[in-house]
Amino acid sequence: MKFEKGFLLGAATAAHQVEGNNTHNDCWAQEQMKYTSYAEPSLDAVDHYHRYEEDIRLLKEAGLNAYRFSLEWARIESEEGVFDEKEIEHYRDVILCCKKYGVEPVVTLFHFSSPVWLIRKGGWEADSTPDDFAAYVRVVAEKLGPELGLVCTINEANMGLQIAAIAQRYRQQMKAAAARLKAGGADNQVQMGINFKTMMENQKRIAEENKEVFGTENPAVFCSARSAESDAIVMKAHEKARAVLRKLCPQVRLGLTLSLHDVQAADGCEKQAEQVWNSEFSHYVPYIKDDDFLGVQCYSRNIIGENGPLPVPEGAAVTQMGYENYPESLEHVIRRVHAEFGGDIIVTENGIATADDAERVKYLGTAIAGVQSCIRDGIPVKGYFCWSLLDNFEWQKGFAMTFGLIAVDRSTQKRFPKPSLAFLGSYAPD
Ligand code: BGC
């Protein structure tokens with residue numbers, strides 16, 4: 001069933017994952033390090049920086065009417081306080097290209113990657129970061145303001161807290177493994193295949209290398225395990241950016257985006273599940289109540305047991321990312337978010353990493369049926385963006401994860417639309 005007129009149906013990307021050669025940001029720096037945790041470097045990525053027009057045209061030809069992409073802060077402000085007109089004009093061109101094809105541009109101001117200079121100043125744990133972010137947003141608003149319509153300030157503002165929870169569980173497992181090692185036991189009893197000894201040795205070298213590159217042993221990049229103070233800093237950055245945009249381009253409709261799981265409780269673990277949902281979503285509501293929409297990003301569910309998320313249920317299908325293929329999660333999350341937030345919702349990301357495009361079609365079909373059921377029940381869902389328009393650089397996991405509606409042969413940078421692109425387009429409003 002097609003969406004109603006006015007509904008935004010599109011696909012999303014993020015600058016560092018598709019553009020290529022984002023040499024001034026922290027991810028690029030980490031990818032190049034000797035003791036990197038990245039599977040491979042992003043290099044030219046899928047050269048979207050030069051091929052954006054072809055990509056937007058393919059999106060349009062499939063029937064989609066909106067494109068969500070991000071501006072790369074480190075391109076625009078590669079040195080603190082020095083703004084690059086040429087890069088700002090590049091993004092003006094991308095926005096104008098969308099408009100030329102009748103595609104609504106949805107601009108994300110920050111999607112995970114930060115300028116190296118920001119990290120050297122303390123990154124996302126520094127009190128100065130909200131002002132630094134606001135200064136960048138001010139320049140964008142001054143230069144591109146009249147072109148902007150829908151804006152996401154910060155992508156997955158809650159990502160650091162989720163990583164902190166994972167890191168904490170991981171440390172507990174490590175501690176237990178270390179105790180076993182000391183007692184002469186094997187070190188292969190942690191869940192993941194980890195050589196505990198080598199990792200400990202490397203930790204020292206990683207710290208030294210960090211010191212060289214970022215001036216600190218523990219760089220606070222956006223996707224680092226986040227403290228409660230840092231969580232507040234991210235919210236402050238959002239609020240300051242919102243104030244700048246409200247003042248300089250009042251026509252803009254804005255929100256942030258959150259990474260949300262369909263949090264389900266295992267029997268008897270309702271309290272634990274409630275805590276996870278509160279950390280992932282509820283405690284942000286006061287910060288976003290004055291926004292124009294919330295960007296919901298959902299891929300799967302997490303079943304919460306006594307001590308946190310349980311492994312994927314026995315026999316369940318998993319995606320390339322290792323999490324459960326569970327497209328019903330989107331509908332559940334939208335309903336839950338609506339009950340607490342009440343405002344407009346845009347699904348700014350949803351999708352699946354799979355080599356089997358028929359599996360993607362099935363996943364999208366179920367997820368979209370869920371969105372349409374929410375709309376029928378009166379929930380104001382205003383748009384749906386599939387992650388991702390293109391197969392791209394999946395951060396530390398590299399290019400092996402294929403989320404795209406379009407495949408790319410990176411040796412030639414040739415694009416190959418998959419059947420799922422046309423499938424998604426078939427839901428576009430007339
Ligand atoms: C992020 C994307 C990422 C996607 C798939 C989201 O967490 O916003 O950058 O590629 O999920 O993992």
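These are my notebook entries on two groups of paired strands in a predicted model.

**Entry 1, strand 4 and its partners.** I began with strand 4, residues 150–154, and asked whether its residues are buried or exposed. Five of the five are buried, under 20% relative accessible area being the cut-off, so I noted strand 4 as largely enclosed by the rest of the structure. I then looked up its pairing: strand 3, residues 104–110, runs parallel to strand 4 and is joined to it by four bridges, with Phe110 having Ile154 of strand 4 as its bridge partner. Strand 5, residues 253–255, also pairs with strand 4 in the parallel sense, here over three bridges, and I found Leu150 standing opposite Arg253 of strand 5.

**Entry 2, the open sheet.** Next I turned to an open sheet of three strands, which follow the order 7-9-10 with mixed pairing. Its edge strands are strand 7 (262–265) and strand 10 (308–309), each of which pairs on one side only. For strand 9, residues 301–305, I recorded an antiparallel pairing with strand 10 over two bridges, and in strand 10 it is Gly308 that serves as the bridge partner of Gly305.

**Entry 3, helices on that sheet.** Which strands does helix 11 touch where it packs on the sheet? Helix 11, residues 270–280, touches strand 7 and strand 9, and its direction makes about 165° with that of strand 7. Helix 13, residues 329–341, packs on the sheet as well, touching strand 7 and strand 9, and I noted that its direction makes about 90° with that of strand 7.

Technical notes:
Residues numbered from 1 in each chain as written. Predicted model: local features only at pLDDT ≥ 70, side-chain atom pairs only at ≥ 80, totals over all residues. Heavy atoms only, no water. Pairing = 2+ DSSP bridges. Contact = heavy atoms within 4.5 Å. Axes fitted to C-alpha atoms, helices over the stretch in contact; angles between N-to-C directions. Buried < 20%, exposed > 50% of the residue type's maximum accessible area, 1.4 Å probe, protein only.
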